[in-house]
Amino acid sequence: MKHHLFAFSALALLGLTSPLLAQSNSLSEAIATDYDNSLEALFIDFHKNPELSYKETRTASIIAREWRAAGWTVTEKVGGTGVVAVMKNGEGPTVMLRADMDGLPLLEDTDLDYKSTAKQIGLDGKEKNVMHACGHDVHVTSLIGTARQLAGSKGKWRGTVVLIGQPAEETFGGAKAMLDDGLYSRFPKPDYALGFHVISGIPAGSLSLTPGINTSSTDSVDIIIHGVGTHGAFPHAGKDPIVMGSQIVMALQTLVSREIAPLNPAVVSVGSFQSGFKHNIIPNKAVLQLTVRSDDAETRKKLLDGIKRISKNIARASGMPEDKLPEVNVAAESTPAGYSDLALTQRLNNVFTKQFGKEAILSIPRTGMGGEDFAYFVAPNSDVPGLYFAIGGTSQADLDRAQSGGPPIPAHHSPFFKVTPRESIMMGTEAMTSATWELLQPPSD
Ligand SMILES: [Zn+2]
Ligand SMILES: [Zn+2]
């Protein structure tokens with residue numbers, strides 16, 4: 001944004017304004033006006049009132065209200081709390097734009113004057129603090145801004161746009177729930193699907209596109225290890241599930257390092273190991289919770305099969321009978337790897353370069369194996385070509401300070417997470433609007 005406005009004014013000084021630059025500048029200005037008049041207040045409201053996965057009823061009703069007010073045909077409760085808006089504007093392809101709506105069970109610890117103090121009863125019946133610690137409040141606010149821009153620019157596009165407010169991205173259930181509830185049959189099926197994430201590690205005013213695989217398959221695995229409880233001073237009278245669990249954790253480290261080809265990315269992380277009551281009791285049970293990541297179905301299967309094999313055989317080696325071997329449960333809520341279509345990425349890379357200037361377009365390589373259930377909406381998991389891209393969320397000055405030993409940039413899912421809402425929301429809105437104009441260009445006559 002900053003780069004683009006600079007380019008525009010420099011050219012204007014030289015008397016060299018092109019129609020394209022003039023046009024994109026008017027889009028930026030319209031979005032800036034809408035942000036100051038309305039979107040900022042909506043963002044602050046979403047930020048102060050985050051909701052847990054599948055509990056996004058308030059968020060969904062505000063999105064539905066705003067999309068209706070902008071002239072869209074809105075259906076609520078698709079796949080739980082999901083919202084779908086459709087606008088038909090003559091013959092042409094269909095584009096789907098997606099925002100995820102959920103917050104996380106965290107107590108916010110930022111210095112923001114609009115920080116969340118919200119609590120909510122989760123699906124497990126327990127009350128939790130809730131925080132927008134991943135930036136989904138930026139996504140929903142942007143898609144309200146985009147709904148308004150598209151409704152107000154019907155001369156610039158021809159076809160159908162579908163907007164979705166998706167529940168439960170953080171638990172990897174919402175995208176599939178919307179598809180299972182008829183997203184691609186009850187509503188116009190898209191020819192293209194677009195989604196984005198604001199990222200705190202990317203400078204505000206920049207946007208990053210990665211063609212090909214950009215998110216990993218993600219599975220949550222629970223391992224329930226059965227033992228035989230006894231007194232800690234008489235260990236020979238029992239079977240210690242903590243020792244078995246420790247051996248399993250160590251043996252799992254060899255899955256990636258010894259069984260998966262070195263150039264094939266994979267992760268097995270044990271995030272939770274729970275067992276026991278007090279110092280001198282050997283308990284009868286231990287529970288491990290794992291996250292498992294890969295980039296293809298074959299590796300995914302190898303990892304999941306390997307986790308079962310290692311867990312059961314370590315219990316066997318410890319002398320547990322066949323009917324008391326560990327239970328290895330793979331959660332139903334998982335996601336496959338996500339893929340951005342090569343031709344679509346190239347096409348929109350060109351559009352964003354014109355819109356924001358080439359300095360604003362980055363292609364930041366992956367440094368880890370994050371997952372995103374947007375993957376379900378797009379090829380190869382459906383037959384819809386998709387693009388998932390990233391938008392910067394932290395000022396360059398803060399990133400520079402962190403680089404030179406200053407305060408670190410708060411990570412996503414941390415209680416300190418925050419982004420630059422104005423620049424991020426404006427860029428998200430401008431990118432989604434300009435991408436839709438490109439994909440739904442009216443005939444030139
Ligand atoms: Zn997240
Ligand atoms: Zn997120």
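What makes the arrangement of the four donor atoms around the zinc ion (ligand 1) irregular? The points below take up this question and the rest of the two-zinc site in this predicted model.

1. The four donor atoms around the zinc ion (ligand 1) subtend angles of 54 to 150°. Four donors count as tetrahedral if all angles lie between 85 and 135 degrees, and the spread of 54 to 150° makes this arrangement irregular.

2. The protein donors of that zinc ion (ligand 1) are Cys134 through SG, Glu170 through OE, listed twice, and His413 through NE2, at 2.0 to 2.6 Å. The spacing of these donor residues in sequence is C-x35-E-x242-H. Glu170 sits in the loop between strand S6 (159-166) and helix H5 (174-180), and His413 in the loop between helix H9 (396-403) and helix H10 (421-439), so this pair ties together parts 243 residues apart in sequence.

3. Glu170 counts as buried, at 16% relative accessibility, whereas His413 is partly exposed, at 40%.

4. For the zinc ion (ligand 2), the coordinating atoms are Cys134 (SG), His136 (NE2) and His197 (NE2), at 2.1 to 2.3 Å. Its donor residues follow the spacing C-x1-H-x60-H. His136 belongs to helix H4 (residues 136-151) and His197 to strand S7 (residues 192-203), so the pair ties together parts that are 61 residues apart in sequence.

5. Both histidines of this second site are buried: His136 has a relative accessibility of 0%, and His197 has a relative accessible area of 8%.

6. Cys134 links the two sites, coordinating both the zinc ion (ligand 1) and the zinc ion (ligand 2), which are 3.0 Å apart.

Conventions: Residues numbered from 1 in each chain as written. Chains lettered and ligands numbered in written order. Predicted model: local features only at pLDDT ≥ 70, side-chain atom pairs only at ≥ 80, totals over all residues. Heavy atoms only, no water. Donors = N, O, S within 2.8 Å, 3.2 Å for Na, K, Ca; no water. Tetrahedral: all angles 85-135°; square planar, octahedral: opposite > 155°, others 65-115°. Helix = DSSP H or I, 4+ residues; strand = E, 2+ residues; numbered from the N terminus. Buried < 20%, exposed > 50% of the residue type's maximum accessible area, 1.4 Å probe, protein only.
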